[in-house]
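Hi,

Here is the structure I promised to pass on. Have a look at it first, and then read my notes underneath.

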Amino acid sequence: MELQPNFPSIQQVANQYLSSQPEKLDLQKGHGASFEEILRQKQGERTEGLRFSKHADSRLSQREISLTESQRKRLEDGTGKAREKGMRESLVMVDELAFIVNIRNNTVVTAMSLKAGEDGDEAVFTNIDGAVIT
């Protein structure tokens, strides 16, 4: 008695997957955008607007930190510089404010003020792979 696997071929799975998701590109027929166009689109999606996690929002509120439009722009620029350097978790300094940013998710994870007497006297940052001062 010979057992025959019940697994479809890779081609069958690919055809089923691509046909069930019409918004995906039909790569077999050569239709759709080029890899470069898709990559640029995805990078654009990733860099559109810096987000703040719930924790970061809570810290901003708790520590009474409000960002000016200029500071927000510099934070976004600093995040972009960190991305260009290949960082994943970065400390981004804007004036006397410190932000830990998850670069891949384009998300501020936490924030604190470095002004004397605020947020304690020590500032220890862990689990970062770089810093940008802007």
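Below is what turned up, starting with confidence and then going through three loop residues.

Keep in mind that this is a predicted model, so local features need pLDDT of at least 70, side-chain atom pairs count only at pLDDT 80 or more, and totals for chains, interfaces and linings use all residues. Residues are numbered from 1 along each chain as its sequence is written, and side-chain values use heavy atoms, leaving out hydrogens and water.

The average pLDDT (the predictor's confidence in each residue, from 0 to 100) is 81 for the protein, and 66% of the residues score at least 70. Among the elements (helices are DSSP runs of H or I with at least four residues, strands runs of E with at least two, numbered from the N terminus), strand β2 (residues 89-94) has the highest mean, 97, and helix α2 (residues 35-47) the lowest, 64.

Now for the backbone. Most residues other than glycine have a negative phi. E64, in the loop between α3 (54-62) and α4 (69-84), has a positive phi near 50 degrees. D95, in the loop between β2 and β3 (97-102), also has a positive phi, near 55 degrees.

As for accessibility (buried is under 20% relative accessible area, exposed over 50%, partly exposed in between, with a 1.4 Å probe and protein chains only), E64 is exposed at 73%, while D95 is partly exposed at 44%.

Last, A123 sits in the loop between β4 (107-113) and β5 (130-133) and is partly exposed at 40%. Leaving aside residues up to four places away in sequence, A123 is in contact (heavy atoms within 4.5 Å) with M112 and L114.

Cheers
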